[in-house]
Amino acid sequence: SIKVKVRSVRKGTRILCTTDESTPSEQNHRASGPSPLLVELSSSETLRAICVDSQGRCSEATVERYVCDSGQEQKAGIGLLLERGNDSEHTTVKQIKPGGAADVDGRIKVDDALLKIDGRDVKGLSLSTMVKLTQGRRGTQISLLLRRHPDNAAPDASAAEAEEEVYAVTLTRVMPGDASKVRNVAL
């Protein structure tokens, strides 16, 4: 399910909402109340909302479409785009998705080399196999072992330290736009 917080920019208004194709009114609404109004949607639905002021004047309807999980387990990830080198043995981080688990953690950098996923050596694995290994149930953890690219080493690291810095990271798998977050809609 998803919780949607509907609020009015005008003080003293009531909000009326529907989730069918109809326009909300005093006689036809799924939810109503003062601003902010919290509406819980249990499936993918279109929410229509209007504001009614103290004199009974209504705003134009605002329409937003929300997509909720279907109940089927979806694979969650860690927000890394991996790249395989020409030699097919070295795998590096090509991109870090903003807002993903790796981005929020902040330790993994572009061009760092991926060595192991949950203790399994990635040398010789296909990219599709690595993607499958990094994906899993939302909220579960994954451990990665990486080698820092020399350009990403700490400024005070020696050349030898920069070349050999290996580090471990444990991340929690997340879904982009996780439906459990409260969304704000301004009317």
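Reader: Helices (H or I, at least four residues) and strands (E, at least two) are DSSP runs numbered from the N terminus; with that in hand, where is the place of Pro36?
Author: Pro36 is in the loop between β3 (31-34) and β4 (37-41). Residues are numbered from 1 along each chain as its sequence is written, and this is a predicted model. Local features need pLDDT of at least 70 and side-chain atom pairs count only at pLDDT 80 or more, while totals for chains, interfaces and linings use all residues; side-chain values use heavy atoms, with hydrogens and water left out.

Reader: Thanks! Is the peptide bond from Ser35 to Pro36 cis or trans?
Author: That one is cis, with omega near -5°. Most peptide bonds are trans, and most residues other than glycine have a negative phi.

Reader: Which residue in the loop between α1 (101-105) and β10 has a positive phi?
Author: Asp111 does, at about 85°, although it is not a glycine. Its place is in that loop, and its relative accessible area of 40% makes it partly exposed (buried is under 20%, exposed over 50%, and partly exposed in between, with a 1.4 Å probe and protein chains only).

Reader: And what about Asp118, where does it lie?
Author: Asp118 lies in the loop between β10 and β11 (120-121). Its phi is positive too, near 50°, and at 46% relative accessibility Asp118 counts as partly exposed.

Reader: New topic: how many disulfides does the structure hold?
Author: It holds 0 disulfides, a disulfide being a pair of cysteine sulfur atoms within 2.5 Å. For Cys17, the nearest cysteine sulfur is that of Cys51, 8.6 Å away.

Reader: Why is the sulfur of Cys58 not in a bond with the one in Cys51?
Author: The two sulfurs are 9.3 Å apart, which is too far for a bond, and Cys51 has the closest cysteine sulfur to Cys58.

Reader: Is Cys17 buried or exposed?
Author: Cys17 is buried, because its relative accessibility is 1%.

Reader: Now Thr134, which helix is it found in?
Author: Thr134 is in helix α2 (residues 127-134). It is buried, with a relative accessible area of 12%.

Reader: What does the side chain of Thr134 reach?
Author: It reaches the backbone oxygen of Val131 at 2.9 Å. Beyond neighbours within four places in sequence, Thr134 is in contact with residues including Ala76, Ile117 and Arg173, where contact means heavy atoms within 4.5 Å.

How values were computed
A polar contact is a pair of N or O atoms within 3.5 Å; within protein, one must be able to donate a hydrogen and the other to accept it, and residues adjacent in sequence count only if both atoms are side-chain atoms.
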